[in-house]
Amino acid sequence: AANGSDAAGADPLAPGQTPDDSVLLEARGIRKSFGDNEVLRSIDLEVRRGEVVVLIGPSGSGKTTVLRSLNGLETPDGGTVSIAGGPSLDFSTPISKAERFALRDRSAMVFQQHNLFPHMTVLQNVIEGPVRVQKVPKARAEAEASALLDRVGLAEKHDAYPFELSGGQQQRVGIVRALALKPQLLLFDEPTSALDPELVGEVLQVIKELADEGWTMVVVTHELGFARQAADEVLFMDGGVVVERGAPGQLFTAPREERTRRFLQRIL
Ligand code: ADP
């Protein structure tokens, strides 16, 4: 994918965008239970640099828990995760806080609800993580945030407050906030499911552009049209397992598993 950087100054998008076919994320045998509820029963996931992997499946199948496990927001009961050449974390033994933070640093998550700070402007929301957490000098963080906001069509909104924006604009700020952290990997957890239908397209378009620019991402979504267009690989999950995985062309048109077929018939 092209590195289509026409933004002024340093390219704020560099880290996640170096497709070279190496494995960026490797997760093996991820297991997780909540009490008696076995939510993930041994999930394997491998994502190469520049690849887009889409997780689909019925509600409650464990998709969000997979993302949260990759981001250190959830601690699996077993399995290993390695991102961007970082140490392979083995969850069968307790991991330290430092290890969890190291894992979190390598990815950034875009949530269903944007969770913007209501009392801060758009620009302040975007620079909060880089300045407070990553200790980036404020002027540099602002310049990079501005370039990113301009790229997603929010040039006029730097000084607006979240309540002054539409839901689609708010979610685009949420995406920019994730990009500003310069993660290796972007994780999207149903990024459009809280939006009014007419606002879904503009947010999917931004995600699609990031995919085309070479960002590596794992996306949980019910938007099968998006999955068809943007995904390199689609994983269908049900009951805490990956039932089937394949290229969208294969999985959507000629699913191998009966469970996949039934799910697609219900949702399409
Ligand atoms: P999906 O994203 O596919 O809808 P989730 O990963 O959100 O599925 O949830 C999978 C299962 O795990 C569900 O049964 C859900 O109720 C349960 N679950 C998720 N998070 C928690 C939690 N923090 N505590 C208890 N149960 C949870």
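Q: Which residue stands opposite Met 217 in S8?
A: Leu 186 does: the two face each other across a strand pair. Keep in mind that this is a predicted model. The pair here joins strand S7 (residues 185–189) to strand S8 (residues 217–220), in the parallel sense and over 4 bridges.

Q: What is the order of the strands in the open sheet?
A: To read a sheet, walk from one strand to its neighbour. Here the 6 strands follow the order S6-S7-S8-S3-S9-S10, and their pairing is mixed.

Q: Why is one side of strand S6 and of strand S10 left without a neighbour in the sheet?
A: Strand S6 (107–110) and strand S10 (241–246) stand at the edges and each has a single partner strand, so one side of each has no neighbour in the sheet. Ignoring direction, neighbouring strands of this sheet are turned by 20° against each other on average.

Q: Which strands does H1 touch as it packs on the sheet?
A: When you meet a helix beside a sheet, look for its contacts and then its direction. H1 touches strand S3 (52–56), S6, S7, S8 and strand S9 (233–238), and its direction makes about 150° with that of S8. Helix H5 (residues 167–180) lies across S6 and S7, running at about 175° to S6.

Q: Which element gives the most to the shell around the ligand?
A: H1 does, with 3 residues. Strand S2 (37–48) and helix H1 (63–70) each supply at least two residues of this shell. Among the residues surrounding the ligand are Phe 34, Asn 37, Gly 57 and Lys 63.

Q: How many residues of the shell are nonpolar, polar or charged?
A: Sorting by class gives 2 nonpolar, 8 polar and 1 charged.

Methods. Residues numbered from 1 in each chain as written. Predicted model: local features only at pLDDT ≥ 70, side-chain atom pairs only at ≥ 80, totals over all residues. Near = placed C-beta within 6 Å. Nonpolar A, V, L, I, M, F, W, Y, C, P; charged D, E, K, R; others polar. Pairing = 2+ DSSP bridges. Axes fitted to C-alpha atoms, helices over the stretch in contact; angles between N-to-C directions. Contact = placed C-beta atoms within 7 Å.
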